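Reader: I should like a close account of one helix and its surroundings, followed by a word on how the chain is divided. Please state the cut-offs behind each term.

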Amino acid sequence: MLKVQARQVDRDFKIKNPLGKKDILPVLRGFDLDIREGEFLSILGPSGCGKSTFLNILAGLDDYDRGEILVDREFLEKRSFDRGMVFQSYALLPWRTVLENLEIGLEIRKVGKRERREIARRYLDLVGLSHFANQYPHQLSGGMRQRVAIARVLAYQPNLLLMDEPFAALDAQTRETLQIELLRIWEADKKTIVFVTHSIDEAIILSDRVAIMTARPGYIKEIIGIDLPRPRTEDIRNSLEFARIRQTSWLLLRDEVNKTRESQRMRA
Ligand SMILES: Nc1ncnc2c1ncn2[C@@H]1O[C@H](COP(=O)(O)OP(=O)(O)OP(=O)(O)O)[C@@H](O)[C@H]1O
Ligand SMILES: [Mg+2]
């Protein structure tokens with residue numbers, strides 16, 4: 001069953017060009033993607049190709065100009081409590097403690113106070129930050145804030161989890177720990193996850209499929225099925241099959257990164 005169907009989606013942004021004149025920046029063009037119910041799908045693509053734009057549209061935070069998007073076979077509604085997003089920047093509320101930040105989504109869903117606290121504490125524990133429950137975001141390191149943001153969206157238990165480079169700001173060890181945790185959570189309740197990353201290795205180790213985007217204006221260039229067994233252990237990272245998939249992905253991505261560099265050079 002399909003969770004998301006994106007058909008020929010276009011997105012343009014209105015910008016001012018270097019001469020101060022109004023211009024149109026085509027960001028997504030003919031973007032086609034089917035996302036299956038319960039799958040872990042990653043998106044790789046060069047910087048500026050429209051990955052965050054697509055996630056924002058899916059989250060109902062941005063519009064699209066042409067094409068169609070269906071979620072659960074219904075046309076995308078702007079606001080829905082069934083989708084949760086972890087942003088590229090952490091987006092925590094500074095006036096709320098860490099624990100209170102975790103409770104935001106549950107409050108919106110009208111979960112009772114005691115249950116809210118309990119769920120929030122459980123997920124805070126999961127990301128190893130129980131001791132920081134009563135601190136404020138500015139008292140945490142960048143990596144810790146990102147862990148709070150991840151715990152918050154997990155606590156919210158959305159049907160469709162949208163993650164925009166959630167681990168990018170973390171040190172290598174925390175990153176691997178959270179990858180394993182995320183997989184554990186996902187394997188337990190099989191929510192659909194759309195995960196944007198710049199790390200080919202991360203995309204492969206986590207995903208059922210990896211979608212590779214073109215340079216801007218972005219669309220899906222190719223989808224690679226990851227037939228590695230689960231659970232994904234350390235041995236799998238070192239396997240020949242892993243190396244083969246990494247090589248294929250890298251070659252596909254490299255051309256697009258080069259195109260992006262080339263067009264930036266032309267504009268400079
Ligand atoms: N609100 C906006 N107004 C104008 N241009 C925008 C807006 N949001 C994004 N853009 C432009 O759209 C393009 C795609 O942006 P987007 O953030 O989706 O890229 P991305 O693939 O997520 O890149 P990165 O990997 O660097 O996060 C960029 O050229 C960006 O400058
Ligand atoms: Mg982005």
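Author: Just after helix 3, Gly128 adopts a positive phi of about 70°. Helices here are DSSP runs of H or I of at least four residues, numbered from the N terminus. This is a predicted model, in which local features need pLDDT of at least 70, side-chain atom pairs count only at pLDDT 80 or more, and totals for chains, interfaces and linings use all residues. Residues are numbered from 1 along each chain as its sequence is written, while chains are lettered from A and ligands numbered from 1 in the order in which they are written.

Helix 3 itself comprises 14 residues, 113–126, and spans 20 Å from its first C-alpha to its last, close to the 20 Å expected at 1.5 Å a residue (1.5 Å times one less than the number of residues). Arg116, Ala120, Tyr123 and Leu124 of this helix are buried, that is, 20 or more other C-beta atoms, placed from the backbone, lie within 10 Å of their own; 12 or fewer would make a residue exposed, and values in between partly exposed. Viewed down the axis of helix 3, the buried residues fall within an arc of 105°, so they line one face; the arc is taken over the directions from the axis to the C-beta atoms. Exposed Arg114, Glu115 and Glu118 occupy the face turned away from that buried side. Helix 2 (98–108) and helix 4 (142–156) are among the elements covering the buried residues.

As to the division of the chain, domain 1 consists of 1–48 + 55–82 + 160–225 and domain 2 of 89–157, with bounds from an automatic or database domain assignment. Their C-alpha centres lie 24 Å apart.

Definitions and conventions:
Helix = DSSP H or I, 4+ residues; strand = E, 2+ residues; numbered from the N terminus. Contact = placed C-beta atoms within 7 Å.
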